[in-house]
Structures are given as C-alpha cells and as structure tokens.
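Thank you all for coming. Today I would like to walk you slowly through one protein, beginning with a pocket and then stepping back to the whole chain.

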Amino acid sequence: MRLPQLDPANAASVDVEQVKQMVDRFLEKGFTYFDTAWMYAGFASENVAKEALVDRHPRSSFTLATKLHAGFFDSTEDCNKVFQEQLKKTGAGYFDYYLLHGVDKGSLSKFEKYGCFHWLLEKKAQGLVRHVGFSYHDDAVCLDEILTKHPEVEFVQLQINYLDWESEWIQSRANYEVCVRHGKPVIVMEPVKGGTLARVPEDAEKLFRTAAPDRSIPSWAIRFAASLAGMALACCSGTGKL
C-alpha cells in the first residue's frame with residue numbers, strides 16, 4: 001500500500017528497484033506474507049508484486065494476498081473480470097489469501113447483493129484461492145453479525161495496535177474479541193499504524209528505552225499485536241526499522 005515512489009506526485013511511479021531490495025531482505029529474514037490490492041499504489045501495486053516478487057522468487061517461497069473492493073464492481077461478471085486481471089497482473093497463478101476489501105456497513109450490502117462470500121468459496125474450490133476472508137473497518141456489532149451469517153470465512157483482517165486498542169471509532173479490542181468468540185484467526189493491519197508508532201513522543205520513548213534498551217521503538221508495536229491470542233500474522237504497510 002505504501003511503496004517508495006520516484007515521483008511523489010504520482011502514486012504509480014513506484015521505485016521497483018528499491019522494492020526488489022525490500023522484498024529480498026524481507027524473505028532473507030524469514031518472512032513470507034506479501035499484501036497487495038487492486039488499487040494500491042495508483043493501481044500499480046499488483047504489477048510491482050509480479051516484477052519484484054513473483055518473477056524473481058519460487059512460488060513456494062512466499063504467500064500473496066490481494067483483495068476485491070466494492071468500488072470496482074457492479075455485477076458478478078465484474079468481480080470475475082477484476083479477479084482474472086489480478087491473476088494476470090501478479091502472475092501468481094493463485095492467491096494464498098483473498099479478501100473482500102474494507103467491509104463495513106456501507107459496503108456490506110453490495111458484497112451481499114452480488115453473493116461475494118459464496119463467490120470467494122467458488123474461487124477456493126477452483127484452486128485459485130487458498131484461504132478466504134475480509135478486511136474490516138466498522139464496529140463490533142456489525143462484525144458479529146457478519147461472522148454469524150458467514151461462518152465459512154476463514155480469517156478477518158483488523159487494524160490492531162496499542163494506540164487504537166480502545167479507540168471508539170476503530171474498536172480494535174472489541175472487534176478482536178468478536179473474532180476470538182467466533183474462532184476466527186486475525187491478520188493484523190497497521191500494527192505500527194503506518195509508521196506512526198515508529199516515532200513516539202519523547203516520554204513514551206523514554207519508558208520503552210528504560211524497560212528494554214536493546215529493543216527498537218516500532219518493535220514494541222509488533223510485540224503488542226503478536227502477544228494477542230489468535231493472531232495469524234501482522235501485515236506491515238508502514239515505515240520504521242525493526
């Protein structure tokens with residue numbers, strides 16, 4: 001979602017050579033999960049995934065996630081067109097994780113209208129998707145209703161970090177607890193809050209340094225998310241050296 005750019009005014013002007021270095025370093029450190037989406041980086045992110053990752057590393061050495069956003073379809077046929085284009089853009093052959101993107105009260109009716117939850121299962125049955133789920137941005141009541149109606153969902157992607165844990169708007173804790181009740185693993189987005197938690201106020205940094213001088217500041221955010229039961233993995237789209 002946040003890739004280095006050659007031109008700050010053009011989101012699609014991704015510095016692919018730098019991304020290649022980032023991908024290689026990530027894999028060398030033992031990490032394997034890569035997250036993209038249809039419209040990230042000015043609609044170039046999936047192409048970059050192909051050039052920097054898929055074309056350069058064995059398919060078995062990484063897992064790739066992408067998503068279907070409600071803003072880019074008005075029929076089941078449109079969903080299929082987007083999906084086929086995503087396969088072409090990434091060259092991945094299949095997706096390890098496929099998500100309905102940014103589900104909330106506003107978009108849920110559209111996903112339901114076109115049977116997108118069942119559509120996901122069809123893609124899985126065809127061997128084009130390994131795991132099906134959705135990313136979520138709304139309150140815990142709505143999330144509970146979705147998971148009650150759609151127990152077939154395998155995972156949920158939530159915004160989880162210590163700053164948003166008790167947020168009335170984001171409801172990190174409340175949404176997490178809904179997933180726990182339904183037995184759904186959580187994929188964490190924004191564990192470092194887009195890099196915000198890599199640079200904390202001086203008083204907070206002093207507390208972290210006193211408690212564990214050898215730990216980096218952003219690593220505290222990763223540890224917070226990783227310490228919660230039921231976490232499948234954390235998807236870091238921010239900045240900051242770990």
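Before we look at the pocket, we need one convention: Ala, Val, Leu, Ile, Met, Phe, Trp, Tyr, Cys and Pro count as nonpolar, Asp, Glu, Lys and Arg count as charged, and the others, Gly among them, count as polar. Please also keep in mind that what you see is a predicted model.

With that in hand, let us turn to the second largest pocket, which holds about 170 Å³ of space. Its lining is made by Tyr 136, His 137, Asp 138, Asp 139, Leu 158, Gln 159, Ile 160, Trp 169, Ile 170, Gln 171, Ser 172 and Asn 175. Which elements give two or more residues to this lining? They are strand E5, covering 155-159, and helix H8, covering 172-182. When we sort the lining residues by the convention from the start, we find five nonpolar, five polar and two charged.

Now let us step back to the whole protein, which contains ten helices and seven strands, and whose C-alpha trace spans about 55 × 45 × 35 Å along its principal axes. A compact globule of 242 residues would have a radius of gyration near 18 Å, and because the protein has 18 Å, the two agree.

Of the 242 residues, 50% are buried, while the accessible surface comes to about 12,000 Å², with 54% of that surface belonging to carbon and sulfur atoms. Finally, if we take the contacts between residues at least 6 apart in sequence, 70% of them join residues at least 24 apart.

Conventions. Residues are numbered from 1 along each chain as its sequence is written. This is a predicted model: local features need pLDDT of at least 70, side-chain atom pairs count only at pLDDT 80 or more; totals for chains, interfaces and linings use all residues. Side-chain values use heavy atoms; hydrogens and water are left out. On a 1 Å grid over the protein atoms alone, a cavity is a set of points where a 1.4 Å probe fits but cannot get out, and a pocket is an open set with protein on both sides within 12 Å along at least five of seven lines; lining residues have an atom within 4 Å of a point. Grid points are joined across faces, edges and corners, and a volume is the space filled by probe spheres set on the points. Helices (H or I, at least four residues) and strands (E, at least two) are DSSP runs, numbered from the N terminus. The radius of gyration is taken over C-alpha atoms; the globule rule is 2.2 Å times the number of residues to the power 0.38. Buried means under 20% relative accessible area, exposed over 50%, partly exposed in between (1.4 Å probe, protein chains only). Contact means heavy atoms within 4.5 Å. Accessible areas come from the Shrake-Rupley method with a 1.4 Å probe; for residues, only the protein chains shown count as cover.
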